[in-house]
Amino acid sequence: MPDQASPSSELPLPRHTRLYVACQAAGWGLWTLVYIGLVFLQGEVRVNGEVISREPLAKDIAFIVVINSLGLLLTHGYRAFLRRRGWVRLPWLALLPRILGAVVVLAVAWTALVWPIQHFLADKAKLTVEVQPATVVIYSVFQGSVFMFVWSALYFGYHIFERYRRSEVERWQLQSTVKESELRALKSQINPHFIFNSLNSLRALIDENPARARAAVTQLANLLRYSLKSGQLETVPLEDELRVVDDYLALEQVRHEDRLRVRLTVSPEAAAAAVPPMLLQTLVENAVKYGIAPRREGGEIALDAACVGGELHLQVRNPGPLARRSGSTGMGLRNAAQRLRLLYGGRARLELREEPLGVVVAEIRLPMTTAPLNIPATESSP
Amino acid sequence: MRTLLIDDERLARNELRRLLAEHSEIEIVGEAADAEVARVAIARLRPELVFLDVQMPGEDGFALLESLEPPLPHVIFATAFDEFAVKAFEVNALDYLLKPVDPARLAAALGKLGGGVGPAGGGAAPDAVRTGRLEACDKVFVRQGDRCWFVEVRSIRLLESEGNYTRVHFDAAQPLLFRSLNAMEERLDVKMFFRANRRQVINLEWIDTIEPWFSGGLLVQIKGGPKVELSRRQAQEFRERLSL
């Protein structure tokens with residue numbers, strides 16, 4: 001059935017149509033059989049267990065088949081109407097009065113169609129009690145309404161259930177993707193681009209400066225080991241993190257040479273403070289990525305760590321306007337902020353701002369605590 | 001083969017130089033550390049082959065290629081790890097090397113050039129190529145979103161003007177080229193391409209059928225492409241061209 005307004009949210013038509021046809025055929029077919037069975041039983045029961053003439057049975061069956069066929073046709077038309085108007089997508093409150101109205105209209109139409117046939121088939125002789133036509137009509141409309149209501153309930157019940165199920169599946173899928181990406185994203189890793197570039201520079205360095213190449217291999221190993229282990233630890237002493245940041249910057253200096261200059265200022269008490277692993281590293285990586293790599297003349301990365309009034313202040317400065325970062329996804333810093341929220345609630349802060357003179361500062365403020373553990377991962381290799 | 005190395009890292013350039021030393025057919029004529037320097041070097045040195053890093057300070061490798069006047073030298077990309085770039089290459093089968101570069105992979109990439117198509121051979125007289133028009137086998141670099149193509153001039157069916165840009169129809173794609181149709185037309189071979197109307201330039205080798213159209217015009221069906229209308233004046237010129 002061509003249906004212009006077929007809502008895109010519905011299942012593909014063929015399967016849908018097949019299910020509909022099956023339900024209509026089964027429902028009306030079954031009801032016709034039950035109805036015939038009832039008449040048959042009634043015929044037997046009518047006279048105290050004695051089986052009497054079944055002569056009107058054929059007529060009764062014909063009548064039942066006719067009314068049910070009419071019911072089938074009416075509901076088929078009803079469905080076409082529903083689909084064109086998109087009733088399936090209406091909310092409950094809007095749907096219910098419409099269904100009630102439609103049910104009455106259908107019942108009246110059904111009665112109007114059935115009435116002349118019933119009149120024609122009626123066996124006047126069998127009627128023992130004279131029944132008022134009005135009573136019959138009202139009864140017929142009422143019965144038809146019940147039928148149409150049950151039909152509507154099944155039809156909309158199915159659709160509402162389908163919609164609910166589908167949205168449930170979608171919600172579930174969405175949730176799992178969000179969680180997955182959250183986990184994956186929050187796990188800060190060393191940028192693979194950096195690793196392969198470093199390996200490439202390292203290979204060139206082997207001939208050019210073997211001593212420097214050997215040192216670089218150690219630095220890269222430290223960095224990778226720390227990065228792999230950091231997932232298991234909540235916090236590490238800042239000095240451990242700084243050792244790795246040092247290694248990282250040394251490797252970046254191999255790549256960028258004199259384009260990258262580094263200045264570190266760390267107070268002794270700050271060095272003992274506990275920090276989430278790879279957090280400072282993320283800031284430094286960002287600073288190199290956005291402050292040094294895109295600038296032909298390079299620049300200076302300045303790192304300051306100090307204790308101020310019970311808080312640890314970490315600052316990473318790099319040259320360049322903040323606007324340059326518009327090209328980035330901001331993923332690294334967003335993840336870092338998210339990690340801080342998870343670990344410290346509202347007591348930690350991450351801020352990125354531009355100072356005058358074209359310097360970008362990334363600042364983290366953490367409550368001062370001392371680290372519970374020292375991880376062996378950063379011990380320098382012999 | 002005159003070769004230019006473009007990479008922002010000195011060590012990376014040195015490494016390539018060392019790897020290329022084993023290939024006697026490669027003559028390294030220069031190095032560049034960023035796109036701006038590279039553009040000048042390409043114009044001056046006219047290399048036949050360029051090794052190009054994708055990520056560089058300032059403009060990246062793709063932006064450099066887009067800005068170059070065709071015909072382009074052969075290009076072999078070198079990148080460390082860039083999902084987007086690698087995807088773009090794989091889709092369009094551009095040649096690329098992953099850093100650190102595998103010597104066997106490098107040899108294979110160079111091998112493909114050696115036995116391959118001609119612009120490098122034609123480039124034996126680079127000046128003639130530069131000043132003249134594009135040959136059928138010359139390539140134009142086009143990028144759209146995260147995809148990029150080296151399009152052979154002969155495979156271009158139709159060029160359509162869209163303001164200051166030109167939509168290039170080839171294979172199954174129609175990306176925009178950051179060059180006006182007029183500028184493009186000046187570089188195209190008049191024996192192969194024909195200005196059908198204000199907006200369209202067609203490749204004569206891609207014409208499927210020609211039928212008469214209103215008031216002495218012509219309607220040309222491009223193979224696998226749209227129909228293009230020629231006014232009477234253009235149709236006149238078109239007939240003359242074809243009869244030649």
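## A tour that starts at Val284(A)

Select Val284(A): this residue is buried, because 25 other C-beta atoms sit within 10 Å, and 20 or more is what counts as buried. What you have on screen is a predicted model, so keep that in mind as you click around.

**Stop 1: around Val284(A).** Show the helices and you'll find Val284(A) in helix α9 of chain A, residues 279-292. Which residues does Val284(A) touch, leaving aside neighbours within four places in sequence? Select Val245(A), Tyr248(A), Leu249(A), Ile301(A), Leu303(A) and Val316(A), and you have them. Now pick out Leu303(A): 19 residues separate Leu303(A) from Val284(A) in sequence, yet from C-alpha to C-alpha the two are 8.3 Å apart in space.

**Stop 2: zoom out to chain A.** The whole chain has 382 residues, and 25% of them count as buried. Colour by secondary structure and look for 10 helices and seven strands. Of the chain A contacts with a separation of 6 or more, 78% link residues 24 or more positions apart.

**Stop 3: where the chains meet.** Show both chains. The contact takes 18 residues from chain A and 15 residues from chain B. On the chain B side, there are six nonpolar, two polar and seven charged residues.

Next, select helix α5 of chain A (192-208) and helix α1 of chain B (10-20). Their axes come within 8 Å and cross at roughly 70°, which means α5(A) is roughly perpendicular to α1(B). To see who makes this contact, turn on side chains. From α5(A), pick Asn200(A), Ser201(A), Arg203(A), Ala204(A), Leu205(A), Asp207(A) and Glu208(A). From α1(B), pick Leu11(B), Ala12(B), Asn14(B), Glu15(B) and Arg18(B). Sorted by class, this helix-to-helix contact has four nonpolar, three polar and five charged residues.

**Stop 4: a sheet in chain B.** Hide chain A for a moment. In what order do the five strands of the open sheet run? Going across, you meet β2-β1-β3-β4-β5, all of chain B, with parallel pairing. The edges are β2 (27-32) and β5 (96-98) of chain B, each pairing on one side only. Look along the sheet and you can follow a twist that averages 20° from one strand to the next.

Zoom in on β4 of chain B (74-79), which pairs with β5(B) in the parallel sense over three bridges. Click Thr79(B): its bridge partner in β5(B) is Leu98(B). Then add helix α2 of chain B (35-45), which packs on the sheet, touching β1 (2-6) and β2 of chain B. The direction of α2 makes about 150° with that of β2(B).

**Stop 5: a hairpin in chain B.** Select β14 (218-222) of chain B along with β15(B). These two pair in the antiparallel sense over four bridges; one to find is Leu219(B) with its partner Glu229(B) in β15(B). Four residues lie between the strands of this hairpin, where Gly224(B) takes a positive phi near 60°.

Which residues of β15(B) are on the covered face, and which on the uncovered one? Val228(B) and Leu230(B) are on the covered face, while Lys227(B) and Glu229(B) are on the uncovered one. In a regular strand, side chains alternate between the two faces of the sheet.

**Last stop: colour by confidence.** Chain B averages a pLDDT of 84, and 86% of its residues score at least 70. Now find residues 116-130 of chain B, where pLDDT stays under 50. The model has 19 contacts beyond four places in sequence for that stretch. The model scores ipTM 0.73 and pTM 0.61.

Note on methods: Residues numbered from 1 in each chain as written. Chains lettered and ligands numbered in written order. Predicted model: local features only at pLDDT ≥ 70, side-chain atom pairs only at ≥ 80, totals over all residues. Axes fitted to C-alpha atoms, helices over the stretch in contact; angles between N-to-C directions. Parallel < 35°, antiparallel > 145°, perpendicular 65-115°, else oblique. Contact = placed C-beta atoms within 7 Å. Nonpolar A, V, L, I, M, F, W, Y, C, P; charged D, E, K, R; others polar. Buried ≥ 20, exposed ≤ 12 C-beta atoms within 10 Å, placed from the backbone. pLDDT = per-residue confidence, 0-100. Pairing = 2+ DSSP bridges.
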